[in-house]
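Here are a few short exercises to work through with the model open in your viewer. Try each task before you read its solution.

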Amino acid sequence: VILADNQSLTRNGIINILTAHYGKSINITEVKTKDELFESILKLKPDALIIDIELFDFNDITELVEIKRIHPYIGILVVSDNKSPNEVMKVIDTGIKNYVFKSCEAEEFLEAFNATLISKKYFCNASMDIILEHKTTPKNTFDSKSLTSSEIAIVKLITLGLTTKEI
């Protein structure tokens, strides 16, 4: 298992949870940088990657997608504090199947970790609430392509504060 998080307290907490449950049968490698992560993946070929993508030194989510594409055998568990529906959905939309918040209980984290190891989906209750809320909220179905170029120009002028008389 590779644990990628730049917060020492979080890493120590996760290590304590895993070793309390698995004992010495689990090997955990901690990494703090992207370079260490890529090096460890190539060297160790881990079964699982536990990562906080918000705090890790990725430029954006595409780097995690690239890891998933190149190393499909690695189960990825995202552990995050970010409860923004857009950010959670951005991760889920990449195909990541396991997501828990750092505020989840240890038992829920262990369930997520075990699911990650056997390629099953797991979302903590709080993240599932966000996912369900996002999926059931009606989306704006406005299609700007249905406007003519003249109508688009008028809308732009209105957003600039011009009145109907001025347009």
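**Exercise 1: A115 and its surroundings**

A115 sits in helix 5. Keep in mind that this is a predicted model.

Task: work out whether A115 is buried or exposed, and list what A115 is in contact with beyond its neighbours within four places in sequence.

Solution. Start with the relative accessible area of A115, which is 8%. The cut-off for buried is under 20%, so A115 counts as buried. Next, skip the neighbours within four places in sequence: A115 is then in contact with N98, K120, K121 and Y122. Finally, try a C-alpha to C-alpha check: A115 and K97 are 18 residues apart in sequence and 9.2 Å apart in space.

**Exercise 2: the lysines**

Task: find which residues form a positive surface patch, then place K120.

Solution. The patch is made up of K68, K97, K120 and K121. As for K120, look in the loop between helix 5 (106-117) and strand 6 (122-123).

**Exercise 3: G75 and E63**

Task: say where G75 and E63 are found, and decide whether each is buried or exposed.

Solution. G75 belongs to strand 4 (residues 75-80), while E63 is part of helix 3 (residues 62-70). G75 has 12% relative accessibility, so it's buried; E63, with a relative accessible area of 16%, is buried too. Now leave out neighbours within four places in sequence: G75 is in contact with D47, A48, L49 and T116, and E63 with K34 and F58. One last distance: the C-alpha atoms of G75 and P46 are 8.5 Å apart, with their positions 29 residues apart along the chain.

Key: Residues are numbered from 1 along each chain as its sequence is written. This is a predicted model: local features need pLDDT of at least 70, side-chain atom pairs count only at pLDDT 80 or more; totals for chains, interfaces and linings use all residues. Side-chain values use heavy atoms; hydrogens and water are left out. Patches are made of residues with over 30% relative accessible area and no salt bridge: like charges are joined within 9 Å, nonpolar side chains (Val, Leu, Ile, Met, Phe, Trp, Tyr) within 5 Å. Accessible areas come from the Shrake-Rupley method with a 1.4 Å probe; for residues, only the protein chains shown count as cover. A salt bridge is a side-chain nitrogen of Lys or Arg within 4 Å of a carboxyl oxygen of Asp or Glu. Lys and Arg count as positive and Asp and Glu as negative; His and the chain ends are not counted. The place of a charge is taken as NZ of Lys, CZ of Arg, CG of Asp or CD of Glu. Helices (H or I, at least four residues) and strands (E, at least two) are DSSP runs, numbered from the N terminus. Buried means under 20% relative accessible area, exposed over 50%, partly exposed in between (1.4 Å probe, protein chains only). Contact means heavy atoms within 4.5 Å.
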